[in-house]
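Please open the structure in your viewer and keep the sequence panel beside it, since this tour moves from one selection to the next.

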Amino acid sequence: MIFVGIVTIYPFLNILAISFNEAMDTVRGGIYLWPRVFTWENYKQIYTYNNLLVAFQNSVLRTVIGTALGVLSSAMVAYVLSRKDFVARKQVSLIFVLTLYFSGGLIPTYMLMRDLHLMNTFWVYILPGLVNAWNIFVIRSFMEGLPISLQESAKLDGANDLTIFFKIVLPLCKPVLATIALFIAVGQWNSWFDTFLYNSTSEHLSTLQYELMKILANTTAGSSNASVARSGNPSLAAQVTPESIRASITMVATLPILLVYPFLQKYFVKGLTLGAVKA
């Protein structure tokens, strides 16, 4: 286990050390767990790029809103499919299963977003992924494991389906909901391709991952020094390299979502195990 832990953690610590090490010194090699010449210049260079703050705000918004609505929507559908008295239960489940194996493809999806007038709007980040079949089946399996007597007792007391769902079922589903929330949040935070497809011409709708992808593409092409010169601080040109910028970008993109894990860790294993899809 110690070996597995070292293998898992070392790459992260190595990238962290490179991101804080002086760029020209990094070229010499030999950076492992801590920086040899500490500097903040790599991170300063990233924040000289335009539109980064707006992109960060958009990423936070799409992650928070997309996760909240995605979990709620999937849980509501899962609750309906978990009810034995739902007549079309098998037929609707089959429709969702088919979406796991077949998709329209990139071009039809693009045309659909265009016809729905979601191009160059914030909601193109939220609505297409609002309901996910896999998440529905995981939550449904968890709900099917809850005692049905709880719902029957609530009905005898006069509770309707909405009351049962929000006051009885959801509180008991915290582990699986936290697990699904983590999956959705990571997907929303890391997503950049939808920005490239639908909102690339709208800078005010750009996301952090898309902006960092553009920076990474520029540095990979060897244009980091030219970018520094355009930022108004040419003296940084000798202090950054593509490798140092890539390491800093990796940390900027990773740390915010990584901080979410400790708060959901206690629910993660339980929710994933009890909510495992049954054959």
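## A buried aspartate and its partners

Begin by selecting aspartate 25, which counts as buried because its relative accessibility is 6%, below the 20% under which a residue is called buried. Keep in mind throughout that the model is a predicted one.

With aspartate 25 still selected, add arginine 28, and look for the salt bridge between the two, in which the closest N and O atoms are 2.5 Å apart. Is arginine 28 buried or exposed? Arginine 28 counts as exposed, because its relative accessibility is 64%, and the mark for exposed residues is over 50%. Now add Arg36 to the selection as well, and you will have Asp25, Arg28 and Arg36, which are linked in a network of salt bridges. Side chains of opposite charge can pair when their charged atoms come close.

## Two further salt bridges

The count of salt bridges comes to 10, and two others are worth a visit here. Select arginine 83 and aspartate 85, whose side chains meet in a salt bridge with 3.0 Å from N to O; arginine 83 counts as buried, at 11% relative accessibility. Then move on to arginine 114 and aspartate 115, where the side chains meet in a salt bridge with 3.3 Å from N to O. In this pair arginine 114 is partly exposed, with 42% relative accessibility, and aspartate 115 is partly exposed too, with a relative accessible area of 49%.

## Stepping back to the whole protein

Clear the selection and colour the protein by secondary structure, which comes to 15 helices and 0 strands. Of its 279 residues, 39% count as buried. If you switch on a surface display, the protein exposes about 15,700 Å², and carbon and sulfur atoms supply 69% of that area.

## A helix residue and its contacts

How far apart in space, C-alpha to C-alpha, are isoleucine 65 and isoleucine 126? Select both of them and you will find 7.5 Å between their C-alpha atoms, although they are 61 residues apart in sequence. Isoleucine 65 lies in helix H4 and counts as partly exposed, at 27% relative accessibility. Leaving aside residues up to four places away in sequence, isoleucine 65 touches Phe122, Trp123 and Ile126. Looking at the protein as a whole, among contacts between residues at least 6 apart in sequence, 74% join residues at least 24 apart.

## The largest pocket

Next, turn to the largest pocket, which has a volume of about 710 Å³. To find its centre, select Pro128, Gly129, Leu130, Val131 and Asn132, which are the closest to that centre of the 27 residues that line the pocket. You can then colour the elements that each give two or more residues to the lining, namely helix H4 (52-82), helix H5 (89-101), helix H6 (106-115), helix H7 (133-144) and helix H10 (174-190).

## A nonpolar patch on the surface

For the last stop, select Ile2, Ile6, Ile9, Tyr10, Leu13, Tyr32, Leu33 and Trp34, which form a nonpolar patch on the surface and together have about 880 Å² of accessible area. One of these residues, isoleucine 2, is found in helix H1, which covers residues 2-19, and isoleucine 2 is exposed, with a relative accessible area of 69%.

Notes. Residues numbered from 1 in each chain as written. Predicted model: local features only at pLDDT ≥ 70, side-chain atom pairs only at ≥ 80, totals over all residues. Heavy atoms only, no water. Helix = DSSP H or I, 4+ residues; strand = E, 2+ residues; numbered from the N terminus. Buried < 20%, exposed > 50% of the residue type's maximum accessible area, 1.4 Å probe, protein only. Contact = heavy atoms within 4.5 Å. Areas by Shrake-Rupley, 256 points an atom, 1.4 Å probe, with all protein chains shown as cover. Patch = residues over 30% accessible without salt bridge, like charges linked within 9 Å, V, L, I, M, F, W, Y side chains within 5 Å. Salt bridge = Lys/Arg side-chain N within 4 Å of Asp/Glu carboxyl O. 1 Å grid on protein atoms, 1.4 Å probe; cavity = no way out; pocket = protein on both sides within 12 Å on 5 of 7 lines; lining within 4 Å. Points joined across faces, edges and corners; volume = space filled by probe spheres on them.
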